[in-house]
Amino acid sequence: MLGYHATATRLRIAAIERTTRRGRLAGHKPVLARSYLALGDIATAERLIDESAALVDRIRRRRPDHKKLNSIDAQIFRSRGKLSMTIGEYRAAETWYRKASRSVEIAFRDSPESRGVRFKRALIGAEIARSLVGQGRLIEAEIQIRNVLRQTVSQVGPNAALTAVVLMKFTRVLQAQGRLAEATRMARKILRIYAHIGVPDDSWQIANIRRLLAHNFVIGRQWDKALVEFEKIRLALQSDRNLFEKKFARDLGRALALIGVDRHPEAREIAETVIAER
């Protein structure tokens with residue numbers, strides 16, 4: 001298991017092992033499932049989500065007025081949405097994310113503007129936009145993500161980590177629309193935000209943004225610029241070679257960029273590795 005998500009997974013497994021209360025166990029499992037999805041382990045993620053849903057059903061039968069169940073529902077629905085996105089079922093993902101959004105509003109109706117609720121609302125809203133992109137509903141996706149960004153900036157400011165996360169989703173919408181220059185400017189803005197708040201260069205977040213930049217350049221057939229971004233990722237992740245090799249070195253966008261500069265043997269090696277792992 002790799003990098004940030006591997007660390008998060010280990011911590012969440014430890015939390016589950018310490019937990020004896022069913023409610024807390026049900027709440028931990030869907031969050032852990034999202035870490036497994038990030039690591040590519042779909043089967044384990046699906047099992048954890050189903051186990052959490054079964055626990056919630058059991059608790060609800062005994063205590064239908066349990067105050068935390070709607071919050072756990074939101075976690076389960078969000079994880080089912082992430083699972084659907086992972087396997088390309090974007091319409092189903094939208095349905096799950098909208099269910100998650102409704103559950104958050106019900107669960108926190110007494111504190112609708114708390115920091116935690118704002119964070120959940122922004123993340124789920126941004127995920128809805130991603131699911132719309134997957135369905136090709138690009139105008140709706142832009143309206144959705146603009147609304148989320150407007151609300152997020154008004155609540156936490158323009159240079160907050162949450163704002164950067166929402167901008168990342170917005171960048172993907174612009175990329176899907178073919179607005180590559182705007183997407184590139186927005187990606188660089190995210191890098192400035194992370195530099196402002198002290199996110200290190202060897203972080204998963206920075207690497208993901210640089211990969212998005214690289215993909216923009218690949219789409220625009222700017223092969224050299226794309227390879228520069230991949231090289232920045234490689235240098236930043238020298239302390240975590242497994243993460244680079246698994247998640248970035250074998251990126252098919254990198255293979256296309258290598259073909260673009262006539263480095264065919266390296267591109268072929270990437271393609272053969274990806275095919276062999278499927």
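1. A residue counts as buried under 20% relative accessible area, as exposed over 50%, and as partly exposed in between. E245 has a relative accessible area of 32%, so E245 is partly exposed. The model discussed here is predicted, and the points below take up its salt bridges, aromatic pairs, charge and backbone.

2. E245 forms a salt bridge with R241, and their closest N and O atoms are 3.3 Å apart. Both residues belong to helix α12, where a spacing of 4 residues amounts to about one turn of the helix. R241 is partly exposed too, with a relative accessible area of 33%. Over the whole structure, a search finds 20 salt bridges.

3. Helix α7 (residues 138-156) holds E142 and R146; because they are 4 residues apart, about one helical turn separates them. These two form a salt bridge, with 2.9 Å between the closest N and O atoms. E142 counts as buried at 14% relative accessibility, whereas R146 is partly exposed at 36%.

4. In helix α14, R268 and E272 lie 4 residues apart, again about one turn of the helix. Their side chains meet in a salt bridge of 2.8 Å, N to O. R268 is exposed, with a relative accessible area of 58%, and E272 is partly exposed, with 42%. Elsewhere, R91, E94, R98, R137 and E140 are joined into one network by salt bridges that share partners.

5. How many aromatic pairs are there? The count comes to 2. In one of them, the ring centres of F77 and W96 are 5.7 Å apart and the planes stand at 25°; planes under 30 degrees apart count as stacked, so this pair is stacked. F77 sits in helix α4 (residues 69-86) and W96 in helix α5 (residues 90-107), so the pair links distant parts of the chain, 19 residues apart. F77 is buried, with a relative accessible area of 18%, while W96 counts as partly exposed at 24%.

6. W204 and F248 make an edge-to-face pair, because their planes are at 65°, with the ring centres 6.2 Å apart. W204 is in helix α10 (residues 204-219) and F248 in helix α12 (residues 241-249), so the pair ties together parts that are 44 residues apart in sequence. Both rings belong to buried residues: W204 has a relative accessible area of 14% and F248 has 0%.

7. Helix α10 also contains I209. At 1% relative accessibility, I209 counts as buried. The C-alpha atoms of I209 and I233 are separated by 9.6 Å, with their positions 24 residues apart along the chain.

8. Where is the positive charge gathered? R188, K189, R192 and K225 form a patch of positive charge on the surface. Helix α9 (residues 180-197) gives the largest share of the patch, 3 residues. K225 lies in helix α11 (residues 223-236) and is partly exposed, with a relative accessible area of 45%.

9. Most residues other than glycine have a negative phi. R221 is not a glycine, yet its phi is positive, about 60°. R221 is found in the loop between α10 and α11 and counts as exposed at 60% relative accessibility. D262, also a residue other than glycine, has a positive phi near 65°. D262 is placed in the loop between α13 (252-260) and α14 (264-277), and at 59% relative accessibility it counts as exposed.

Key. Residues are numbered from 1 along each chain as its sequence is written. This is a predicted model: local features need pLDDT of at least 70, side-chain atom pairs count only at pLDDT 80 or more; totals for chains, interfaces and linings use all residues. Side-chain values use heavy atoms; hydrogens and water are left out. Patches are made of residues with over 30% relative accessible area and no salt bridge: like charges are joined within 9 Å, nonpolar side chains (Val, Leu, Ile, Met, Phe, Trp, Tyr) within 5 Å. Accessible areas come from the Shrake-Rupley method with a 1.4 Å probe; for residues, only the protein chains shown count as cover. A salt bridge is a side-chain nitrogen of Lys or Arg within 4 Å of a carboxyl oxygen of Asp or Glu. Lys and Arg count as positive and Asp and Glu as negative; His and the chain ends are not counted. The place of a charge is taken as NZ of Lys, CZ of Arg, CG of Asp or CD of Glu. Helices (H or I, at least four residues) and strands (E, at least two) are DSSP runs, numbered from the N terminus. Buried means under 20% relative accessible area, exposed over 50%, partly exposed in between (1.4 Å probe, protein chains only). Rings of Phe, Tyr and Trp (its six-membered ring) pair if their centres lie within 6.5 Å; planes under 30 degrees apart count as stacked, over 60 as edge-to-face and the rest as tilted.
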